Structure formats: structure tokens, C-alpha cells
Amino acid sequence: MINITDIEDERIIEFKSLRDNLLNKRGIILAESEKVVLKLLNSDKKIFKLFTTNEHFEKYQDLIVKKQCEVLISSKEVMEQIVGFKLHHGIMATVERPKYESLSNLDNKILILNGLTSPENVGTMIRNAAAFNVNSIIFDYKTCSPYLRRCVRVSMGNIFNVKVHLTQNLVDTINTLKENGYTVYSTANEDGAIDLPGHKFEEKSCIIIGSEGHGIEQRVKENSSSIIRIPINDTVAHLNAACSSSIFLYNLVQ
């Protein structure tokens with residue numbers, strides 16, 4: 001253990017430079033808050049550094065020791081100076097960013113994200129997916145990374161327990177999935193779409209959720225196997241992306 005008393009200590013540089021672009025260049029994810037770090041401690045992910053108060057260290061000492069990571073101990077007051085805002089959780093960690101999975105390593109049920117730019121929505125959808133045991137995620141280059149700080153935190157650390165694939169060409173990926181026996185559903189509240197209630201999903205099925213403001217791209221919908229919708233009041237028109245994902249994911253695994 002290393003005791004940190006100086007906010008200029010070089011050993012906590014990662015925690016002072018919280019910008020995602022800097023962390024991304026170093027292949028690092030920042031996990032913050034007690035629940036997120038606890039999820040990380042119980043995962044098989046490699047932790048580089050754990051920065052914590054003595055109170056949290058004593059609380060999770062057995063798990064921390066097993067990780068064999070560098071442990072930095074500081075007071076909550078010093079941590080607040082380092083982070084630059086009022087800190088309520090008192091524990092953070094840097095972890096190696098997992099490598100993206102190949103399509104062949106994904107499971108039979110997959111959530112696909114198309115053009116989602118809100119870290120809150122992406123993090124919530126990952127949490128939703130994990131809740132319903134849909135543990136494979138595909139996101140396109142127009143979607144914010146699920147490994148952003150905010151995404152990790154909103155996912156409640158569940159990003160550490162799912163497989164993630166990044167695609168640079170979602171249309172090509174959809175066609176490859178269909179060739180490999182998947183039925184790929186776009187989600188859109190439009191005429192001709194299949195109503196979700198009572199629909200039975202195939203064993204190998206994917207659900208696509210589109211961007212918050214524009215929905216799924218037209219070419220993506222055109223290359224999907226089918227379009228499915230949640231019947232709602234016409235005056236509402238659309239549900240929030242993260243909210244609708246929980247409904248689709250629940251039905252996907254029934």
C-alpha cells in the first residue's frame with residue numbers, strides 16, 4: 001500500500017487526468033463509485049491501480065489483496081482535491097480496457113447499438129442487457145464507447161461482464177450475422193412493423209436500438225430481417241431509447 005498525501009504525487013496522475021481521450025490512448029478504463037469498483041473486484045479484469053480511502057480498503061481488503069494491484073490510500077479530503085469535485089464514493093480504479101470480441105465469440109442473443117451518443121443511455125442499456133442475461137453487445141463507430149467513464153458508471157459496472165464488439169460497417173455486420181443464422185430485428189414505431197406482444201423470437205436473435213433523435217439508419221433497417229415495435233399511444237410516438245431497450249430485451253429472452 002502507498003499512502004498519498006500530496007495531490008501532485010505522480011503516482012495518481014491517471015486519477016487527476018480524468019478525460020476519456022487521455023485514458024483511451026493508454027488503453028485504460030476508469031471505474032468509480034463503490035458499486036462499480038466492487039463489480040470490478042469480483043470480475044476477472046486486470047486492475048492497474050486502486051485509489052481508495054482506508055475505510056473502503058478495510059471493507060474490501062480480501063478482494064483487493066486477491067487482485068494483486070497497486071493500492072493507493074488517501075483521505076477523502078485529499079481525494080476530493082485530486083478529482084476536482086466533491087467526491088462521495090471514496091474509491092476508484094484504473095483497469096485494462098478489454099479487447100473487442102469477434103462476431104464468432106458472441107452469444108445467441110445480441111443487443112446492437114446504432115448511432116447512440118448519450119453515455120447515460122448507452123450505460124443504461126448495457127445494464128438492462130446484463131439484467132436480462134443478454135451478454136453480447138455490438139456498437140457501431142457512431143455510438144459512444146461503452147467504456148467511457150460515464151457509461152461505465154451508469155452501467156453499474158456491468159460492462160465488465162459482457163462481450164463487446166465494435167463494427168465500422170454495421171450493414172456488413174448485419175449481413176454477416178444473418179449468414180450465420182441470426183434474425184436481426186430493427187426497432188421502429190412505423191407502419192408494417194411487427195407488434196412485440198406475443199412475438200416469439202428465434203434462438204439466435206439480435207435487437208437493434210437506434211439513436212435518441214433519429215432512430216435507426218434507413219440502410220440498417222433495410223438490411224435487417226424484420227422491423228418490430230412496441231405498440232404505444234399515437235400521441236407519444238416514441239419511447240426513450242434506454243426505456244424501450246428494457247422492454248425489447250425482456251421479451252427477447254422469454
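The exercises below work through helix 9, the pairing of strands, three salt bridges and one strand residue of this model.

The model is predicted, so that local features need pLDDT of at least 70 and side-chain atom pairs count only at pLDDT 80 or more, while totals for chains, interfaces and linings use all residues. Residues are numbered from 1 along each chain as its sequence is written, and side-chain values use heavy atoms, with hydrogens and water left out.

**Exercise 1. Determine which residues of helix 9 are buried, and what they pack against.**

Step 1. Helices (H or I, at least four residues) and strands (E, at least two) are DSSP runs, numbered from the N terminus, and buried means under 20% relative accessible area, exposed over 50%, and partly exposed in between, with a 1.4 Å probe and protein chains only. In helix 9 (residues 170-179), the buried residues are Leu-170, Val-171, Thr-173, Ile-174 and Leu-177.

Step 2. These residues lie on the same side of helix 9 because they cover an arc of only 160° around the axis, the arc being that of the directions from the helix axis to the C-beta atoms.

Step 3. With contact taken as heavy atoms within 4.5 Å, the buried residues of helix 9 pack against strand 6 (109-113), strand 7 (136-140), strand 8 (163-167), strand 9 (183-187), strand 11 (205-209) and helix 10 (218-223).

Step 4. At the N-terminal end, Asn-169 caps helix 9 through a side-chain oxygen that lies 3.3 Å from the backbone nitrogen of Val-171. After helix 9 comes Gly-181, with a positive phi near 95°.

**Exercise 2. Describe the order of the seven-stranded sheet and identify its edges.**

Step 1. Two strands pair if DSSP finds at least two bridges between them; the seven strands form an open sheet in the order 8-7-6-11-9-12-10, with parallel pairing.

Step 2. Strand 8 and strand 10 (194-195) each have a single partner strand and stand at the edges, so one side of each is left without a neighbour in the sheet.

Step 3. Within the sheet, strand 6 and strand 7 run parallel and are joined by three bridges, and Leu-113 stands opposite Phe-139 in strand 7.

**Exercise 3. For three of the salt bridges, give the N to O distance and the burial of the partners.**

Step 1. A salt bridge is a side-chain nitrogen of Lys or Arg within 4 Å of a carboxyl oxygen of Asp or Glu, and the structure holds ten.

Step 2. Asp-9 and Arg-11 meet at 2.8 Å, N to O; Asp-9 is buried, at 14% relative accessible area, whereas Arg-11 is partly exposed, at 36%.

Step 3. Glu-14 and Lys-49 meet at 3.3 Å, N to O. This pair links distant parts of the chain, with Glu-14 in helix 1 (residues 13-16) and Lys-49 in strand 3 (residues 47-52), 35 residues apart, and both partners are buried.

Step 4. Arg-150 and Glu-120 meet at 3.0 Å, N to O, which connects helix 8 (residues 149-154) with helix 7 (residues 119-131) across 30 residues. Arg-150 is partly exposed at 40% relative accessibility, and Glu-120 is likewise partly exposed at 34%.

**Exercise 4. Characterise the surroundings of Thr-94.**

Step 1. Thr-94 lies in strand 5 (residues 91-96) and is buried, with a relative accessible area of 1%.

Step 2. Leaving aside residues up to four places away in sequence, Thr-94 touches Glu-14, Phe-15, Ile-28, Ile-29, Leu-30, Ile-47, Phe-48 and Lys-49. Among these contacts are Glu-14 and Lys-49, the two partners of the 3.3 Å salt bridge.

Conventions
A polar contact is a pair of N or O atoms within 3.5 Å; within protein, one must be able to donate a hydrogen and the other to accept it, and residues adjacent in sequence count only if both atoms are side-chain atoms.
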